[in-house]
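Work through these exercises with the model open beside you. Try each task before reading its solution.

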Amino acid sequence: MNDTDAPQNPSDSGSPRRDRREGRTRRKKGGAITAGVIVLALGAYAAVDAYDLVPGLPSVLTTEPQVEVQTVPTPQANAQQVPAPASAVDDSAPVPTQIPKTIDAVLKDSKVKGFGLEVRDGLSDDVLYAKDETKPRTPASVTKVLTAAASLSAIGGEKRLATTTDFDADTNTLTLTGGGDVLLSAGDSDPGSVNGHAGLRTLAEDTAAALKKQNVTEVALNLDTSRYVGEDFDSGWERVDIAKGVITPIQPIMVDTAYVGSKNAEWRGRSEHPAKDAFSIFEKELKKTGITVTEAAAESDSENSSESADPKELARVESATISEIVEYALVHSDNVVAEVLGNEVAIAQGKDGSLENGPDAVLEALGESVDLGRTHLVDTSGLSYDNRIAPHDLTTVLQASVVADDSLAGLVSYFPVGGLTGTLHDRFLDEKNASGVVHAKTGTLSTVTSLAGGVLDAEGRYLVFSIQIDDVDKDKILEARKTVDDIVTALANCGCR
């Protein structure tokens, strides 16, 4: 895949300016920033971001030199919410006028040129620094910021996705229906987990118990995946990336996002047919309960497949909340979960759940509150080089989340935390003002590095930022990432009056 030319609309910048949206609702002075830090009791871990999955994994987009990340398959952690960084100043406090001077010094020393960035005061929405902020660029996994925000706004943070079984007594057919949960486990439901919150063994056992109450011990078994329509694999993705664990066909039922192979392996690929794999696991668990399966009907991908039937729901298992799933997608930079969320946003917007509808639905869900006129999405995970987002548009979404009083308010708190979690676990480690304080989503492709999130500065002012660069020479990508980190560290260290 090759980069395409982004529309150019750079603005003169380098000095503070105010850029307020007319009519935007703000919190009262002194409003707290809703952010949180995930504390790992079992040690730090790293999550994958775009194509930088594991050291040495071959990929057409792997950087040279390789951007090394430590990878622990299927990380498990005991997490708790702790008080978040919150602005100690309100929007009447003096504006930090020295931020441009501070950032310009970092950019001058960098060996890489061409960054686009914007920094805003989280509460007041004052634009404190802007450089080429309206030029859309390839964002990589920073795309997930928009997908996450749209999911929280359109679906709602407390919503859960249900996997159900329905029984038609007239035809003696049991149907396993995928409801969008791709974080199912093969075993028992685990209420304390996000990945594995709902389990197929639990669903099978509950289904069997309901069947036996009706004196039914023999059924035909069917799979319904009609929740999502159209193609399940975007034409811009590479099918070889399925084996690399980057992506899988997007279907409304999966176990562990379709990962296959040992969880102890250095890295794992994903399945070519995740829904059928989940179906096979469910059938096996159902048979263990003493239910005989006389035939396995063909997979249903049509809403009209059971028009003549009158099925009744027998059992269901429900996923973690959308808020928890969003956090999982952001911390792990999971492309599969992000694409599923895009489909679910489309459904919440009254459209068919599909890869075609997901990107537009994400933009429509956010369009009522933020200006995304320059943004162009072709997927909702950031895998495509054809996605375009401007730094200004990203910080608009971030600032909106800071002053929100609904599900969107949690957005920044769900990002990886500098020096602690996800794709930031090994960044900002030695920066005392930034480590544990920076909440940001990373974006990495072979010629792209980006970071968008929030940080508390040395005087207690909460800042949101978006820093992006694309079309970077592969041998300079590490230097580009260092420049990004240096800018954010400078913000964390800065009172900048």
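**Exercise 1. Find the residue that stands opposite L174, and describe the strands around the pair.**

Solution. Start at L174: it stands opposite L221 in β9. This is a predicted model. Next, look at the pairing. Strand β7 (residues 173-177) and β9 run in the parallel sense, joined over five bridges. Then check the cover on β9. Six of the seven residues of this strand (residues 218-224) are buried.

**Exercise 2. Decide where the buried residues of helix α1 lie around its axis, and what they pack against.**

Solution. First list the buried residues of α1 (residues 99-109): I99, P100, I103, V106 and L107. They span an arc of only 130 degrees around the axis, so they sit on the same side of α1. A general rule helps here. An α-helix has 3.6 residues a turn, so residues three or four places apart point the same way. Now turn to the face away from the buried side: there you find the exposed residues K101, K108 and D109. Last, find the packing partners. The buried residues of α1 pack against β4 (116-121), β5 (126-131), β15 (462-469) and α10 (477-493).

**Exercise 3. Compare three salt bridges by their position in the chain and their exposure.**

Solution. Begin with D121 and R461. Their closest N and O atoms are 2.0 Å apart. D121 belongs to strand β4, and R461 to the loop between β14 (448-456) and β15; the two are 340 residues apart, so this pair links distant parts of the chain. Both D121 and R461 are buried.

Move to R201 and D188. Here the closest N and O atoms are 3.7 Å apart. R201 is in helix α3 (residues 200-213) and D188 in the loop between β8 (181-184) and α3, so the salt bridge ties together parts 13 residues apart in sequence. R201 has a relative accessible area of 29% and is partly exposed. D188, at 44%, is partly exposed too.

Finish with D486 and K482, whose closest N and O atoms are 2.8 Å apart. Both lie in helix α10, four residues apart, about one turn of the helix. D486 is partly exposed at 31% relative accessibility. K482 is partly exposed at 45%. One network remains: salt bridges with shared partners join D188, R201, E285 and K288.

**Exercise 4. State how many helices and strands the chain has, and what share of its residues is buried.**

Solution. Count the elements: 10 helices and 15 strands. Then take the 497 residues of the chain: 60% count as buried.

Definitions and conventions:
Residues numbered from 1 in each chain as written. Predicted model: local features only at pLDDT ≥ 70, side-chain atom pairs only at ≥ 80, totals over all residues. Heavy atoms only, no water. Buried < 20%, exposed > 50% of the residue type's maximum accessible area, 1.4 Å probe, protein only. Arc of directions from axis to C-beta. Contact = heavy atoms within 4.5 Å. Pairing = 2+ DSSP bridges. Salt bridge = Lys/Arg side-chain N within 4 Å of Asp/Glu carboxyl O.
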